[in-house]
Amino acid sequence: MLKKFFTAIGEYMILIGKSLQKPQKMRVFWKLFMREINDLGVNSFGLVIFTSIFVGAVVAIQMFNNFDASSFPIPTSFVGYATKAVLVLEFAPTIISLILAGKVGSYIASTIGTMRVSEQIDALDIMGVNSPNFLILPKIIACLIFNPILIALSIVFGIGGGYIAGMLTGNWTTADYITGIQMYMPNLFIYYAFAKTIVFAFVIATVPSYFGYFVNGGSLEVGRASTQAVVWTMVFIIISELILTQLILS
């Protein structure tokens with residue numbers, strides 16, 4: 001088991017090394033890159049916005065209930081600040097990245113895995129094309145560029161969800177919520193959120209690519225590889241979050 005794990009790590013590192021080389025034809029690369037921007041980024045807008053609005057509303061309501069049940073009087077303006085802090089520190093970069101790991105990761109693994117079992121990757125290798133670079137590099141760059149945009153949108157719409165929750169429940173006033181949002185928050189929190197996002201984006205693009213690239217068998221194995229890709233992507237996201245939290249916030 002341990003030998004198999006270290007073999008997989010070695011294969012992964014070699015695959016990423018081949019992927020990060022300079023593209024052989026920039027014109028082809030940019031065409032593939034723009035397609036990945038649409039498939040991996042733009043198509044995730046709806047899911048990210050929908051999830052962020054409702055979870056932002058839930059976070060704001062939970063914060064109000066906790067403050068209201070406290071034995072110390074806490075101004076309702078802190079609902080806005082607490083909602084913003086939770087979204088920036090944890091929800092937007094981590095939870096949204098886990099959601100993207102399921103949506104984007106399964107897509108990447110199944111796409112590359114299908115190309116492997118249909119021998120399209122073998123055809124690329126025979127033609128002298130660097131297949132890891134051709135297939136994986138556009139996905140890596142697309143995720144590194146677009147995932148931070150999705151996380152920023154998630155923060156904004158999550159805060160908006162808290163605002164809507166206040167309007168619908170009447171538990172806090174609009175003025176108090178906006179005052180809480182405007183409270184000072186250390187810049188380190190923002191840097192931490194987007195540093196995590198960059199690392200998570202790299203994991204989301206590369207781990208499913210590895211599982212798809214080394215598929216053996218037929219369509220059944222492609223499905224299994226997609227499932228494994230999502231699971232291991234989530235595992236590495238959680239592990240990397242622990243490491244980054246210790247390095248940046250400690």
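**Notes on an all-helix model: surface patch, core and salt bridges**

1. Let me start at the surface, where L2, F5, F6, I9, M13, V231, W232, V235, I239, I243 and L247 make a nonpolar patch of about 1000 Å². The elements that supply two or more residues to the patch are α1 (2-19) and α9 (219-249), and α9 gives the most, with 6 residues. Patches here are built from residues with over 30% relative accessible area and no salt bridge, with like charges joined within 9 Å and nonpolar side chains (Val, Leu, Ile, Met, Phe, Trp, Tyr) within 5 Å. Areas come from the Shrake-Rupley method with a 1.4 Å probe, and for residues only the protein chains shown count as cover.

2. A word on what you are looking at. This is a predicted model, in which local features need pLDDT of at least 70 and side-chain atom pairs count only at pLDDT 80 or more, while totals for chains, interfaces and linings use all residues. Residues are numbered from 1 along each chain as its sequence is written, and side-chain values use heavy atoms, with hydrogens and water left out.

3. Two members of the patch are worth a click. L2 is found in helix α1 and counts as exposed, at 58% relative accessibility. I243 sits in helix α9 and is partly exposed, at 47%. The cut-offs are under 20% relative accessible area for buried, over 50% for exposed, and partly exposed in between (1.4 Å probe, protein chains only). The C-alpha atoms of I243 and K196 are 10.0 Å apart, with their positions 47 residues apart along the chain; K196 returns in point 8.

4. Now the overall fold. The chain has 9 helices and 0 strands, where helices (H or I, at least four residues) and strands (E, at least two) are DSSP runs numbered from the N terminus. The C-alpha atoms fill a box of roughly 70 × 40 × 35 Å, taken along the principal axes. Of the 250 residues, 44% count as buried. The chain exposes about 12800 Å², and carbon and sulfur atoms supply 70% of that area.

5. How do the contacts spread along the sequence? Among contacts between residues at least 6 apart in sequence, 86% join residues at least 24 apart. Contact means heavy atoms within 4.5 Å.

6. For the interior, look at the largest nonpolar core: of its 59 residues, V79, L100, W172 and I237 touch the most other members. The elements giving two or more residues to this core are α1, α2, α3, α4, α5 (120-126), α6, α8 and α9, and α4 gives the most, with 16 residues. Such a core is a set of buried Ala, Val, Leu, Ile, Met, Phe, Trp, Tyr and Cys residues joined through side-chain atoms within 4.5 Å. If we set aside neighbours within four places in sequence, V79 is in contact with A60, F64, F67, W172 and Y177.

7. Helix α3 (residues 45-69) is a good one to follow next. Its 25 residues reach 36 Å from first C-alpha to last, close to the 36 Å expected at 1.5 Å a residue; that expected span is 1.5 Å times one less than the number of residues. V48, T51, S52, G56, A57, V59, A60, M63, F64 and F67 are buried in α3. The buried residues of this helix pack against α4 (77-117) and α6 (131-169).

8. Finally, the charged pairs. The structure holds 4 salt bridges, each a side-chain nitrogen of Lys or Arg within 4 Å of a carboxyl oxygen of Asp or Glu. In one of them, the side chains of K139 and E36 meet at 3.0 Å, N to O. K139 lies in helix α6 and E36 in helix α2 (residues 26-41), so this pair ties together parts 103 residues apart in sequence. Both K139 and E36 are buried. Another bridge joins E90 and K196 at 3.9 Å, N to O. Here E90 lies in helix α4 and K196 in helix α8 (residues 187-213), so the pair ties together parts 106 residues apart in sequence. E90 is partly exposed at 34%, whereas K196 is buried at 0%.

9. One more bridge links D122 and R116, with their closest N and O atoms 2.9 Å apart. D122 counts as partly exposed at 32%, while R116 is buried at 17%. Salt bridges that share partners join E90, K196 and E241 into one network.
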